[in-house]
Structure formats: structure tokens, C-alpha cells
Amino acid sequence: MAKIKKPIQVPKGTFDILPDDQKYWKKVRSAVSDVAQSYGFGRIDTPMFEYSDLYMASVGEATDVVEKQMYSFKSKGGDMLSLRPEGTAGVARAYIENGMTNLPQPVKLYYTGPMFRYEQPQSGRFRQFHQFGLETIGDAEPVLDAQIIQACFYLLKCLGLKKMVVQLNSLGCRTCRTAYRRALVDYYRHRKNKICLDCRRRLKENPLRLLDCKEEKCQPIKAQAPNIVDYLCEECHKHFKMVLEYLDELEIPYFLNNTIVRGLDYYTKTVFEIFTEDEQGKTTPANSLGGGGRYDNLVAQLGGKPTPAVGAALGIERVIHQMQKDQVKVSAFVPKVFLVQLGERGRKKGLKLFEKLSEAGIKIAESISRDSIKAQLKIADRLGAKFALILGQQEALDETVIIRDMATGVQETVPQGKVIDEVKKRLAK
Ligand code: AMP
């Protein structure tokens, strides 16, 4: 075997989630599961890779995500596969494939998991990152757009985040979008010499993305560009108005931003992004927690029946970063009981006793490799355990154990066979 000269590191743009940070991940995952289920969403897990065609047909071939950022590879069997860059396409595929059209509509699904995008790593931007998402498939009612935003807001509130704001736009349906695209192309074509190279390309391939440009020199042109909301057909206009009315009713802070187009081809009508405001009350792309919108054509585009849908996806790393910035208190594992063992006999018996207490559902911790009682009691104290169970040479021989109340220091010896009941009795007080 070849000898490795330098220690191997994680691939660029990826990271380890170490034990100290797991408490945040656990808190986010459990809040997602609680909130999603209370809003009627059932969990779905789709594969981390799919046929590349799925993303080409949904996200769109001329989007940055598909064109530049997908991890695609040919399998040994010759299939073209891609690591999922986002979650909605896979969920829509699963909805069709598993006959969910036949269930009462809408079908509400949620997911959490890693996504993969080949991008230039920077703060808040990774190559493997995690999202949670909510999808409501099978109903066009604007109240469901508002409910998705409400659920995201509520979830973020449960996680202790403050100063959130939604930026919204409507991309209309095929009819109004075609008229808008024509107006946009016409406007930009007359200013072709003043825009960046990327925008010239967007003008040809994906004109809506012109509004996404962050280049300094394109900003004045973008600011004067036609506004899609002025091109909405009556139906889309009414739908958007209703969404805003629901948000007013919910007292969710929002403002309209006609440059929110989202990067992916499948969006129709409502699109939105959720931000946290910085100290100056400003929002920047770096503090976008996530976004979503309606995708009324996607299911049909993937070969299913015409099925309206709406969803959102939020970045877990961004949410955790904001929780840390806001100094949200997140408690780690707090054991109720700490097992202290002394001497070889105590250690041997302690191993088994530890398992029995865990099995009985009692939150227990230990430091089995330590010898000194003082050191072990110190750890028990630091972890916040209510009781210490002390098992020394004598107790091991007598088949007893000492229960020590960590607050008062009062100790009592009980038979090992009764320790679970005794601990439970004390914890229930
Ligand atoms: P998008 O699907 O691009 O709208 O992303 C939705 C959310 O996922 C963003 O607002 C971020 O919070 C998160 N996100 C997207 N791409 C990345 C990335 N490369 N690294 C970390 N988070 C990301």
C-alpha cells in the first residue's frame, strides 16, 4: 500500500459535524419534525442520487445548478446519475412514481438531508450542505402558499430566530411569463453593450436570470427593468393578491421584490425568500435562510398528471449559523444519573449496570476509564446529573450500589436488583 505523505483532509467545501455542534443539529431536526407533522406534513426520504435527466427536466438545463453545479457521474452500468442538488425534483418524482395522485389531495411531504452543489466554497456556501423542505402537492389554493411561509416562519421562531422577513414576487403562469420575457429581452437587448458577459449569456439562454445578476455595472439597468407584476394575467394577479392578504392576516412581515426569480426553471406564480435582517435592518444574499414557491407545471413536466404544488427549502447550516449568532441557548444531553465506578470489580459490574439503566430509559452517563471518585463526581456535577450511582469494590461484592443525591450529598446504599426502581422513584419526586 502506498504511504500517505500528508494527512488526508475532507474534500473542499465539506465539513465534519463534531459532537459539540450536534446539539444544534438535533434541535433543528426535531423542530422540523414536530412543526412539519403538526402542519400535516408526512416525512419522505428520497435517494441522494437520481438519474441526471430528472434534474435536467425539472430544475432546467440552462440553470446554474444543473449546468455548473451538479455532481454527475456515469455508473458502472452506464447510467448517468447526479447527486441531488435540491429536494423538490426527487419528491415530485416520488409523488408520481408511488401513485400519490390517488391519495386525497393535497399530499403534504417534508424532508431533511444533504444536498450537493459544486460551487466556490465561502462563508455559508458549501459543496455538501443540508436542507429541510416542505412540499404541498395537488392543490392550487393561494392559502397553501401562505401556509408554507407560515410553517417556515413558525419553525424558525421555535428555533429562537428573530427579525425574519419574506421577500416575495410572482413569476406568473406560462401565458404571462411569455409576455414578460418578451418585454425583458426587448429591454435588455437595447442595453446589450452595458451589461456583463454573464448577462449577455443569460439574455440568450435564460432571460429571467438577468434579474439575479449581482454585478455592479448591471444594477442600474436591472433597477429600471420591466416589473413582472405588471404583466400578470388576471388569474395570476388575483392569486398573488390573495397570498399577500393571507400574509397580512398572519402578520408575517414581507415586502415585494421583483428581482426574486429563484434560480430554477420549475417555479410559477408565487416565489419567495426568507431572510434575517442584520443590525441595520438590511437583507443580503448571505443571510437568506431559504426560499421556495409554486411549481404548478413540474409534476406534468415529469410525466405525471397536471398537478399544482408549492414548497420551500431552507438551509440548515444557515439556520444554525443564525442561531449561534443570536446566542440561542441549546441544551446538550443532560444525564439524570452518573455512574461512578471504583476498582476493577466496580468497573466490571458497572459496565452491565450502565446498560441496564439505559435499557430502562434512564438518561445515564459515565466516565468508565477514570479511577478517582473525586474526578468522576466532578464530571457528574458538570453534566448536571441529579444522582450519582457509586459502585466500588465493596458494593460489587455485596451486590449493592450507593445512590448519592448530587444536590445534598446524602447517600444511601440499595441492592443492585432494586436500583432501577429506586432511581425512578427519586426522579419522579
Ligand atoms: P436554493 O435552493 O438555492 O434556493 O437554496 C435554499 C437555501 O439552501 C439557501 O437559502 C441556503 O440557505 C441553502 N443553500 C443553498 N445552497 C447552499 C450552499 N451551497 N451551501 C450552504 N447552504 C446552501
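Four residues open this tour: salt bridges tie Asp64, Lys68, Arg209 and Asp212 into a network. The model shown here is predicted. Across the structure there are 21 salt bridges.

Now step back to the overall layout. The protein chain splits into two domains, with domain 1 covering 19-173 + 233-325 and domain 2 covering 337-427. Their centres, taken over C-alpha atoms, are 47 Å apart.

Next comes the ligand. Around it stand 14 residues. The nearest of them are Arg117, Glu119, Phe126, Arg262 and Leu289. Arg117 reaches the ligand through its side chain: one of its polar atoms is 2.8 Å from a ligand oxygen. Leu289 uses its backbone instead, with a polar atom 2.9 Å from an oxygen atom of the ligand. Gly290 also offers a polar backbone atom, and this one is 3.2 Å from a ligand oxygen. On its own, the ligand has 480 Å² of accessible area, and the protein covers 90% of that. Three elements give two or more residues to the shell: β6 (128-137), β10 (288-294) and β11 (309-315). Of the elements around the ligand, β10 gives the most, with three residues.

Return to the salt bridges, and compare their settings. Asp296 and Arg294 meet through their side chains, at 2.8 Å from N to O. Asp296 has a relative accessibility of 16%, so it counts as buried. Arg294 is buried as well, because its relative accessible area is 0%. Asp45 and Arg43 form another salt bridge, and their closest N and O atoms are 2.8 Å apart. Here Asp45 is exposed, because its relative accessible area is 55%. Arg43 is partly exposed, at 40%.

A further pair sits in a helix. Lys425 and Glu422 form a salt bridge whose closest N and O atoms are 3.5 Å apart. Both belong to helix α15 (residues 419-428). They are three residues apart there, so about one helical turn separates them. Glu422 counts as buried, because its relative accessibility is 16%.

Look next at a nonpolar patch on the surface. Met48, Phe49 and Phe73 make it, and its area is about 280 Å². Met48 sits in the loop that runs between β1 (42-43) and β2 (49-51). With a relative accessibility of 41%, Met48 counts as partly exposed.

The last stop is the backbone. Gln105 and Pro106 are joined by a cis peptide bond, with omega at about 0°. Pro106 is placed in the loop between α4 (88-97) and β5 (107-116). Two residues other than glycine have a positive phi: Lys163, near 55°, and Glu251, near 55°. Lys163 lies in the loop between α5 (142-158) and β7 (164-170). Its relative accessible area is 47%, so Lys163 is partly exposed. Glu251 is in the loop between α9 (234-250) and β8 (254-256). Glu251 is exposed, because its relative accessible area is 70%.

Technical notes:
Residues numbered from 1 in each chain as written. Predicted model: local features only at pLDDT ≥ 70, side-chain atom pairs only at ≥ 80, totals over all residues. Heavy atoms only, no water. Domains from an automatic or database assignment. Patch = residues over 30% accessible without salt bridge, like charges linked within 9 Å, V, L, I, M, F, W, Y side chains within 5 Å. Areas by Shrake-Rupley, 256 points an atom, 1.4 Å probe, with all protein chains shown as cover. Helix = DSSP H or I, 4+ residues; strand = E, 2+ residues; numbered from the N terminus. Buried < 20%, exposed > 50% of the residue type's maximum accessible area, 1.4 Å probe, protein only. Near = heavy atom within 4 Å. Polar contact = N/O pair within 3.5 Å; in protein donor to acceptor, adjacent residues only side chain to side chain.
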